[in-house]
Amino acid sequence: MTTSLSQLGQDARPAASPDEAVLETVPYTRREGPPAIVRFTAPEFTSLCPVTGQPDFAHIVIDYAPDERLVESKSLKLFLTSFRNHGAFHEDCTVEIARRVVEATRPLWLRIGGYWYPRGGIPIDVFWQTGAPPEGVFLPEQGVPTYRGRG
């Protein structure tokens with residue numbers, strides 16, 4: 001099942017860019033009843049401002065209902081790390097992450113919340129999903145409070 005994975009259990013380094021990063025998957029067998037929701041949380045995501053080159057920081061939350069493939073978590077971690085030297089706006093980073101996970105896994109449903117820390121005094125939160133969540137799933141709030149500054 002995992003013999004085709006090139007990163008798990010190996011000395012793997014983040015790719016130089018998200019375009020070069022490989023998102024690996026493993027088989028998943030769905031059971032009867034409402035689909036499971038899988039959550040990945042990356043509270044220390046970083047990328048670069050495409051204009052100034054300064055670092056941007058975000059708390060990324062990915063929720064998805066897998067169908068036949070799961071994201072292998074080490075490859076996801078390396079994929080997210082590949083953004084550290086990548087210049088893109090908050091919106092582009094957030095949606096690119098979601099689209100790549102959808103492309104790799106073909107889930108029943110996916111949503112992403114990108115909770116970006118302030119740039120120029122304004123926090124930017126970016127949300128994207130593939131459609132309505134499947135019927136009957138337990139879907140908790142993403143749990144990231146709105147940015148409040150000091151207090």
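**View 1. Four salt bridges turn up in a search of the whole structure.** This is a predicted model, in which local features need pLDDT of at least 70 and side-chain atom pairs count only at pLDDT 80 or more, while totals for chains, interfaces and linings use all residues. Residues are numbered from 1 along each chain as its sequence is written, and side-chain values use heavy atoms, with hydrogens and water left out. A salt bridge here is a side-chain nitrogen of Lys or Arg within 4 Å of a carboxyl oxygen of Asp or Glu. Side chains of opposite charge can pair when their charged atoms come close.

**View 2. Arg30 and Asp67 join two loops through a salt bridge.** The N to O distance between these side chains is 3.5 Å. Arg30 sits in the loop between strand E1 (25-27) and E2, and Asp67 in the loop between E3 and strand E4 (69-71), 37 residues apart. Strands (E, at least two residues) and helices (H or I, at least four) are DSSP runs, numbered from the N terminus. Arg30 has a relative accessible area of 34% and Asp67 has 24%. Both values fall in the partly exposed range, between buried (under 20% relative accessible area) and exposed (over 50%), using a 1.4 Å probe and protein chains only.

**View 3. Arg119 meets Asp56 in a salt bridge between strands.** Here the N to O distance is 2.3 Å. The partners are 63 residues apart, with Arg119 in strand E5 and Asp56 in strand E3. Arg119 is partly exposed at 27%, whereas Asp56 is buried at 6%.

**View 4. Arg39, Asp63 and Arg111 are linked in a network of salt bridges.** Between Asp63 and Arg111, the closest N and O atoms are 2.8 Å apart. Asp63 belongs to strand E3 and Arg111 to strand E5, 48 residues apart in the chain. Both Asp63 and Arg111 are buried.

**View 5. Ser47 of strand E2 stands opposite Asp56 in E3.** Strands E2 and E3 pair in the antiparallel sense over nine bridges; pairing requires at least two DSSP bridges between two strands. Ser47 is buried, with a relative accessible area of 0%. Its contacts (heavy atoms within 4.5 Å), not counting residues up to four places away in sequence, include Asp56, Phe83, Cys93 and Trp116. In the hairpin of E2 and E3, six residues lie between the strands, and Gly53 takes a positive phi near 80°.

**View 6. The largest nonpolar core has 24 residues.** Such a core is a set of buried Ala, Val, Leu, Ile, Met, Phe, Trp, Tyr and Cys residues joined through side-chain atoms within 4.5 Å. Phe45, Leu76, Phe79 and Ile97 have the most contacts inside the core. Two or more residues each come from strand E2 (38-48), strand E3 (55-65), helix H1 (73-81), helix H2 (90-105) and strand E5 (109-119). H2 gives the largest share, five residues. Leaving aside neighbours within four places in sequence, Leu76 is in contact with Leu23, Phe40, Val71 and Val101.

**View 7. Helix H2 has 16 residues.** From its first C-alpha to its last, H2 reaches 23 Å, close to the expected 22 Å, a span given by 1.5 Å times one less than the number of residues. Among the buried residues of H2 are Cys93, Ile97, Ala98 and Val101, along with Glu96 and Arg100. Arg106 follows H2 and has a positive phi, near 50°.
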